[in-house]
Amino acid sequence: MEVFFIKLLQFLLAISLLVLLHEMGHFFFAKLFKVRVNKFYLFFNPKFHIMSTYDTWVRRLLKLKPEVVPEKEVEVKDGDKTKTVKTKEYVGTEYGLGWLPLGGYCAIDGMIDETNTQLSEETHPWEFRTKPTWQRLLIMVGGVLVNFVLALFIYAMVLFTWGESYVPVQKMTEGMEFNQQAKNLGFQDHDILLSYDEGKFKTYDADLFRQIADAKQVTVLRDSEKVTIPLPGNLDLLNMLKAEPRFVRPFYPAVVDSVLPGKAAAKAGLQKGDTIVGVNGHSVASFGQFTDEISRVNDVIEASKSEAEKAKARQITIVYKRDSLLDTIPATLNDKLQLGFTVSLLYQPDTIHYGFLESFPAGIRYGIHTLKGYVSDMRYVFTADGAKSLGGFGAIGSLFPATWDWHQFWLMTAFLSIILAFMNILPIPALDGGHVLFLLYEMITRRKPSEKFMIRAEYVGFGILILLMVVANLNDILRWLGYM
């Protein structure tokens with residue numbers, strides 16, 4: 001439960017920061033072009049809100065004039081007589097905190113969006129709809145622009161603070177471990193990945209899978225000789241990532257490096273230097289294969305109908321080698337299917353350190369590279385497996401570390417900022433990109449879409465977004481229940 005709350009807190013903090021700054025991007029350009037902002041809310045506030053305030057105190061503090069509609073004469077009836085009075089209407093921005101932590105909004109006067117689908121017939125110079133097209137365009141892209149620049153800035157500061165650490169795959173002297181699909185293509189266990197069509201492999205991450213998936217050939221080091229493996233160039237990236245065991249993973253010997261006192265491994269008698277060679281009657285040649293066998297145990301537990309069956313499944317048999325002698329011992333996995341030992345990671349990472357000024361171009365490169373990879377993967381969303389891989393708030397929250405780690409928190413926040421920027425610029429009505437699309441149409445044709453059309457488009461776009469949100473979060477629930 002503690003891990004759940006740590007991840008939830010990180011998720012809410014990151015999303016709150018990103019939404020707040022996104023809406024401030026719209027707010028900044030709206031105020032710059034003297035467009036009135038009626039409401040500025042962090043989180044949504046259906047029916048009620050946690051708190052709200054007007055900007056009166058801010059204006060008083062800065063000794064600014066109140067933001068009001070200019071005086072106008074209005075005829076009012078007083079019995080049988082009609083008299084003319086002068087009126088003023090306060091129109092300051094209402095700042096608030098909603099109770100539903102799913103985003104936020106900036107309600108701009110005279111703009112059709114999810115907060116306003118009905119405009120008055122009378123127009124005013126302070127309304128969004130009366131401003132020049134280029135000003136409206138900047139107001140709409142303000143949020144996306146802030147999110148993208150924010151991601152680049154965070155990446156730059158992360159590189160400046162922690163540097164960039166990774167293990168080059170060429171230095172993984174034990175090579176890689178491949179599943180049967182990869183072996184059918186020509187790979188062999190212990191191959192050291194060197195390069196593909198467009199250059200050298202860097203490290204073991206999602207990029208490596210993308211590069212192999214799109215490669216026509218891959219060069220590996222096998223038994224001290226370079227070997228070129230021809231590939232089709234269109235491997236299914238999703239299948240490569242989802243396969244159990246994975247298409248490729250680093251080869252780590254199943255050699256015990258340390259044993260945690262009082263845990264199952266220590267109670268069973270495992271010691272530093274022992275090599276695990278079998279689990280439950282299945283041979284094990286690497287730590288990856290050891291984890292595969294533990295996954296089988298997990299499958300048995302999930303299929304069990306009673307606590308007794310689950311407890312029995314957690315009792316495993318381990319074959320290990322010590323000083324060239326084999327021995328077999330029983331062991332009991334804990335509730336998290338752990339034994340309580342670690343293996344040596346073998347390789348020390350290379351770390352690149354950046355000065356303050358150096359970190360900015362490096363952060364820009366890092367951010368653009370991340371965006372390219374994300375956009376490239378979007379093509380899989382429109383496949384059956386891609387739709388199943390969609391994740392909602394639970395999936396996003398699970399990506400945060402189980403312990404509070406500022407390095408990983410800021411990397412994840414920057415990644416979410418890039419996702420938020422890209423998703424918002426998609427040409428879907430109700431998103432910023434939908435408004436941008438209609439504004440570009442207006443700039444090119446010199447014709448403004450009718451308000452009736454804009455309202456209908458807003459309803460359609462909002463329906464699409466709700467549907468996507470339902471599907472993504474339903475996938476989370478089905479995964480949690482074990483149906484996916």
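**View 1. Helix 10 and helix 13 are oblique to each other.** Oblique is the word for angles that are not under 35 degrees (roughly parallel), over 145 (roughly antiparallel) or 65 to 115 (roughly perpendicular). Here helix 10 (residues 356–377) and helix 13 (residues 406–425) pack at about 55°, and their axes are 10 Å apart. This is a predicted model, in which local features need pLDDT of at least 70 and side-chain atom pairs count only at pLDDT 80 or more, while totals for chains, interfaces and linings use all residues. Residues are numbered from 1 along each chain as its sequence is written, and side-chain values use heavy atoms, with hydrogens and water left out.

**View 2. Helix 10 meets helix 13 through residues from both helices.** From helix 10 come Tyr366, Gly367, Thr370, Leu371, Tyr374 and Val375, and they touch Leu411, Phe415, Ile418, Ile419, Phe422 and Met423 in helix 13 (contact means heavy atoms within 4.5 Å). Sorted by class, this contact has 10 nonpolar, 2 polar and no charged residues.

**View 3. Trp406 and Trp410 form a stacked aromatic pair.** Their rings are 6.1 Å centre to centre, with 25° between the planes. Rings of Phe, Tyr and Trp (its six-membered ring) pair if their centres lie within 6.5 Å, and planes under 30 degrees apart count as stacked. Both residues sit in helix 13, 4 residues apart, about one turn of the helix. Trp406 is partly exposed, at 42% relative accessible area, and Trp410 is partly exposed too, at 26% (partly exposed lies between buried, under 20%, and exposed, over 50%, with a 1.4 Å probe and protein chains only).

**View 4. Phe400, Trp404, Trp406, Phe409 and Trp410 form one aromatic cluster.** Trp406 and Trp410, the stacked pair, belong to this cluster.

Note on methods
Axes fitted to C-alpha atoms, helices over the stretch in contact; angles between N-to-C directions. Helix = DSSP H or I, 4+ residues; strand = E, 2+ residues; numbered from the N terminus. Nonpolar A, V, L, I, M, F, W, Y, C, P; charged D, E, K, R; others polar. Phe/Tyr/Trp six-rings, centres within 6.5 Å; stacked < 30°, edge-to-face > 60°.
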